[in-house]
Amino acid sequence: MERKPKYKYDIIICDICEGMGTQSHEEMTCYHKREYDYTYSLCWKCEGSGMLKKKVTIEYEPHKTNIHAVETKPYTPRKF
Ligand SMILES: [Zn+2]
């Protein structure tokens, strides 16, 4: 008997921005004074939510269970 793979979802903290939702970029505005400008942009991976939804498949085989991460998408909590 063959069992179909099952899916589950994990909510994880974004590994790019560490949950901040933004990424900062340093730009040197004056080379001689060594002044920097910081610009912030939304994190490309989580799209600003700081969290990711990871889809995982679980395959059951007779002697082992295989777990694969299938895809990781931005996770946006529902707004109330
Ligand atoms: Zn992020």
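This is a short tour of a predicted model, stop by stop, with something to select at each one.

**Stop 1: the whole chain**

Start by colouring the protein chain by pLDDT. The mean is 87, and 94% of the residues reach 70 or more. Among the elements of the chain, E1 has the highest mean pLDDT, at 91, while E5 has the lowest, at 85.

**Stop 2: the open sheet**

Now select residues 6–13, which are strand E1, together with residues 65–75, which are strand E5. Add residues 51–60, strand E4. You are looking at an open sheet of three strands, ordered E1-E4-E5, with antiparallel pairing. E1 and E5 are the edge strands, each pairing on one side only. Turn the view and follow the twist, which averages 25° from one strand to the next. As a general point, the strands of a sheet pair through backbone hydrogen bonds, in either a parallel or an antiparallel way.

**Stop 3: E4 and its partners**

Keep E4 and E5 in view. These two run antiparallel and are joined by 10 bridges. They form a hairpin, with four residues between them. Then swing over to E1, which is joined to E4 by eight bridges, again in an antiparallel arrangement.

**Stop 4: Val56**

Select Val56 in E4. Which residue of E5 is the bridge partner of Val56? It is Ala69. Next, find Lys8, which stands opposite Val56. Showing Lys8 and Val56 along with Ala69 lets you step across the sheet.

**Stop 5: Glu18**

Leave the sheet and go to the loop between E1 and strand E2 (22–30), where you will find Glu18. The phi of Glu18 is near 55°, a positive value in a residue that is not glycine. For background, most residues other than glycine have a negative phi. Is Glu18 buried or exposed? Glu18 counts as exposed because it has 10 C-beta neighbours inside 10 Å, and the cut-off for exposed is 12 or fewer.

**Stop 6: Arg34**

For the last stop, select Arg34, in the loop between E2 and strand E3 (35–42). Here too phi is positive in a residue other than glycine, with a value near 55°. Arg34 has 8 C-beta neighbours inside 10 Å, so it counts as exposed.

To finish, show Glu18 and Arg34 with their loops, and then return to the E1-E4-E5 sheet.

Key:
Residues are numbered from 1 along each chain as its sequence is written. This is a predicted model: local features need pLDDT of at least 70, side-chain atom pairs count only at pLDDT 80 or more; totals for chains, interfaces and linings use all residues. Two strands pair if DSSP finds at least two bridges between them. Axes are lines fitted to C-alpha atoms, for helices over the stretch in contact, and angles run from 0 to 180 degrees between N-to-C directions. pLDDT is the predictor's confidence in each residue, from 0 to 100. A residue is buried if 20 or more other C-beta atoms lie within 10 Å of its own, exposed if 12 or fewer, and partly exposed in between; C-beta atoms are placed from the backbone.
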